[in-house]
Amino acid sequence: MDNRTNLDDYLAGLGISDADESELPPPAPDATPSAPTLEAAPEDPRAALERFLQGLVTRIDPDLSVTVREAEDALEAEITGEHAARLAGRDGRTLGAIEVLAYTVLAKQEGRGHLRVRVDVGGFRKRQADTLTKLAERLAVQVAKSGEPHELQPMPPAERRVIHIALKEHPDVMSESVGEGAARRLIIKPRHG
């Protein structure tokens with residue numbers, strides 16, 4: 001997240017602002033009339049996340065479905081359906097906003113603020129991770145050949161993490177994050193002896 005201080009400003013920066021209720025599509029006939037909330041928060045964070053995301057996507061497209069599973073370090077949600085990929089938005093910004101909202105919902109539950117949340121729509125995150133891994137491999141060859149470090153543009157923590165993991169065991173190069181906040185970036189440099 002950038003330096004903005006509240007969620008409204010962050011969402012407005014993503015092109016998501018206060019929408020007129022009349023512009024929203026009507027909920028599916030079998031959907032609950034209220035907005036997705038956790039009024040009676042269940043003990044199970046997986047079920048809470050699934051219920052929140054299903055309520056959110058039902059208002060957008062009733063044909064979308066949500067599956068949540070527990071991974072080692074996070075709850076991972078997959079939104080699927082014919083038009084699911086549209087939820088990623090430009091450069092994954094809408095997907096990022098959905099993750100922020102999902103994390104915020106879980107964090108409001110007592111003792112749930114430590115859980116990480118990853119949301120994917122239509123395989124967007126997987127394709128993005130594959131692209132970043134290929135980039136890391138190309139840059140590793142370049143840095144190993146030239147002996148000169150390569151600094152990437154600032155990127156979100158999840159993207160930096162993909163590159164760190166891709167280069168973790170590389171024999172010739174290493175990666176390092178430098179900078180603070182939204183300016184945090186990654187440097188790939190030769191591994192010295």
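**Exercise 1.** How many residues does helix 3 have, and how far does helix 3 reach from its first C-alpha to its last?

*Solution.* The model is predicted, so local features need pLDDT of at least 70 and side-chain atom pairs count only at pLDDT 80 or more, whereas totals for chains, interfaces and linings use all residues. Residues are numbered from 1 along each chain as its sequence is written, and side-chain values use heavy atoms, with hydrogens and water left out. Helix 3, a DSSP run (H or I, at least four residues) numbered from the N terminus, has 16 residues and reaches 23 Å, close to the 22 Å expected at 1.5 Å a residue; the expected span is 1.5 Å times one less than the number of residues.

**Exercise 2.** Determine how helix 2 and helix 3 pack, and which residues make the contact.

*Solution.* Helix 2 (residues 45-60) and helix 3 (residues 93-108) pack at an angle of about 135°, with their axes, lines fitted to C-alpha atoms over the stretch in contact, 10 Å apart. Angles run from 0 to 180 degrees between N-to-C directions, and those under 35 degrees count as roughly parallel, over 145 as roughly antiparallel, 65 to 115 as roughly perpendicular and the rest as oblique; the two helices are therefore oblique to each other. The contact (heavy atoms within 4.5 Å) is made by Pro45, Ala48, Leu49, Phe52, Leu53 and Leu56 of helix 2 and by Ile98, Leu101, Ala102, Val105 and Leu106 of helix 3.

**Exercise 3.** Is lysine 145 buried or exposed?

*Solution.* Lysine 145 lies in helix 4 (residues 124-146). With a relative accessible area of 76%, lysine 145 is exposed, given that buried means under 20%, exposed over 50% and partly exposed in between (1.4 Å probe, protein chains only).
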